[in-house]
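Got the viewer open? Let's take a walk through this one, a selection at a time.

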Amino acid sequence: MKKRILSLVLALSTLILNLSLAGCGGKKASEIYFLNFKPESAAVYEEIAKKYEEETGTKLKVVTAAANNYEQTLKSEIAKSDAPTIFQINGPVGYKAWDDYCLDLKDSKLYSFLSDKDMAIKDDGGVFAIPYVVEGYGIIYNDAIMKKYFALPNKKSNLKSASEINTFSKLKEVVEDMTANKDKLGIKGVFASTSLASGEDWRWQTHLLNVPLHREFADMKDIVDIGLEMLDADEISYKYSKNFGDIFDLYLNNSVTEKTLLGSKSVADSMAEFALGQAAMVQNGNWAWSQISGVKGNTVKESDIKMLPIYIGLDDEETQGICIGTENYLAINKNVSEEQQKKSLEFLEWLFSSETGKKYVTEKLGFITPFNTFSENELPNDPLAKEISRYMNDAEIKNIPWSFNAFPSEAFKKEVGNALLDYAQGKKKWDEIKTIITNKWKSERD
Amino acid sequence: MKNPIKRYFPIFVLPTLIAFLIAFVIPFLLGFFLSFTEFTTVSNAQFVGISNYIKIFTEDATFLNALWFTIKFAVVSVLSINLIAFTLALLLTRSLPLTKLFRTVFFMPNLIGGIVLGYIWQVIINGVLYNFGYSITSSENFGYWGLIILMNWQMIGYMMIIYIAGIQNIPTDILEAAKVDGANGRTTLFRIIIPSVMPSITICLFLTITNSFKLFDQNLALTAGAPGERTQMVALDIYNTFYSRVGYEGIGQAKAVVFFIIVAIIALLQLRLTRSKEEEA
């Protein structure tokens, strides 16, 4: 028996050795390596790499991390001798983890391209990460269904179109009346499923929570930078808990799916419901366009896709805009050779300033960039990106920045998501959710 | 008269020894070292003493919850898997029709990967629970029993094959002698069959105990710890500690070391206990 087990163990270990040896490829010192965060853009980056090598002769290796696996992939890739030369961090919290690896980009051309220099991540006078895409989220709605509702003879709301909705109470009135008439409108529910499956709850525990928490910090006096203030805050009072509850209840009670079943719904499920016309509204951002347009049997017309701000009943919400910001920052690995660092920067400068590069960025990647190298007509062409730039250029509206970059940790967000699921299933009261959120913030910051 | 194989033993063992060092011993020692440090990647570790170990039990309640959940899971699944697998093995070693077909059918789930199985069972369980207005995340009990059903479904076939091999190895003359002496079914089972298959029981218990403790992919795919990390087992908890919190890598590593020690102790105790019951055949 013993011998047999021993021989088995030995056989297995040789197998493992073979596999690990096969895994080590050759490495070239002048090659640059970009670890891509966005799986939906993987194919485009391959194309860009090919084009870039044709134009400049520099070999660019692109590896894409699977969705939700960027940190894991980066942790293992960066420890290798053939480490990524360009990688991405998700904001100030991500910078704390990776500060040993970020090169100072203060004197780079890429930094000089940035229209709003405050957007970069700075530390001790240096500039360590630069955002490359601006995104926005709000309540996406299907105007065809909304028009149908506003044409109903028995509608209770006296508004005439969805674009007139500018407060939470108006939104609530319209949504609840739509639910009452959902059979006439041919929908299963006003809002697509509030996806609360594990890993699929970021639209609520991160994006939605941003709205009340940002306002809480914005209310404080003498604040220079809300993000930095939030990053330093050991505690939150979470005073807009009720507002968060109001909008969350509205989502839950007027949904395609029954509350108790939301724990197994994914983001893809709710985007499909929206694309198939089963729901009139869904909270998401401009990146969702590819998901909406990619659904088979899609009934939503491009011209009908519009976006509303997320109203939660705050003061002066008539001028509230959508949430605009980024969690995509590029950093250069300072532990690779100088030649690689130089070439990596050259590549990024090429991508964001040359004609060919810019074309890829706007047309194929669909990014709205924060760089001044892009003129106003160099914008992506999808309906949601157009909505984002409409809000960005509207001087009367105050858009909400993405302060969730300063939330304490992934564990905090996860805990909030778990609490929201418990609430949806009726296992916890809203007051308990409030306690969980404030306690977890405190314990994660210790 | 020295055996030539014995003389060249070092040469024969060298390649595998190197492999064993690279793929097991070195990572293990490195992991042990990292549990005393604070690090982001393995190359920038800073020594912090035993504070990681203290934090496991003071700051972070998830580990103890996960450990308790894992123990509950392991006890029930080890018992049920072995009982059912042994019963099936007894049935399928009788001269019944189609035994070969059944053996194959029972063994097949073991050939499917854990992630796939997890998603398949998630769909099945949700399909049933939806009718009652629940989903698998509605209560930790659903997740718990879901995991047990899943684990049974996957492991029973494998254990059954090991038991069948053990039962078939019992010399027929012993069984016949028992029959002649007038032993009934019960006596035959407890006095002859079970003692004779003790080696199989040792190996099956070892496999099921360690697999139940180390369960990861099935847990990740079926519930991913939902609701509220209450169905999170230790392996998944270690993974989440390591990856979802900045600055918790060392603590994750320390949890892994503690977990290793616990599993090693349990497995060694079990081996000792069942080995002592094995007959020298």
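## Where two domains meet

Between domain 1 of chain A and domain 2 of chain A there is 1 residue pair in polar contact, with both residues at pLDDT 80 or more. A polar contact here is a pair of N or O atoms within 3.5 Å; within protein, one must be able to donate a hydrogen and the other to accept it, and residues adjacent in sequence count only if both atoms are side-chain atoms.

On the side of domain 1 of chain A that touches domain 2 of chain A, you'll find 5 nonpolar, 3 polar and 1 charged residues. (Ala, Val, Leu, Ile, Met, Phe, Trp, Tyr, Cys and Pro count as nonpolar, Asp, Glu, Lys and Arg as charged, and the others, Gly among them, as polar.)

Before clicking on, some housekeeping: this is a predicted model, where local features need pLDDT of at least 70 and side-chain atom pairs count only at pLDDT 80 or more, while totals for chains, interfaces and linings use all residues. Residues are numbered from 1 along each chain as its sequence is written, chains are lettered from A and ligands numbered from 1 in the order in which they are written, and side-chain values use heavy atoms, with hydrogens and water left out.

To colour the two domains, select 28–134 + 326–374 of chain A for domain 1 and 136–324 + 397–445 for domain 2; the bounds come from an automatic or database domain assignment. Their centres, taken over C-alpha atoms, sit 31 Å apart. At the seam, 9 residues of domain 1 are in contact with 10 of domain 2 (contact means heavy atoms within 4.5 Å). The two domains of chain A bury about 870 Å² between them, 51% of it on carbon and sulfur atoms; that is the accessible area (1.4 Å probe) lost on being put together, summed over both parts.

## Over to chain B

Now show both chains. The contact takes 34 residues from chain B and 34 from chain A, and about 2,900 Å² is buried between the chains, with carbon and sulfur atoms giving 57%.

How many salt bridges are there between chain B and chain A? The count is 2, a salt bridge being a side-chain nitrogen of Lys or Arg within 4 Å of a carboxyl oxygen of Asp or Glu. Zoom in on B:E249 and A:K75, which form a salt bridge with their closest N and O atoms 2.9 Å apart.
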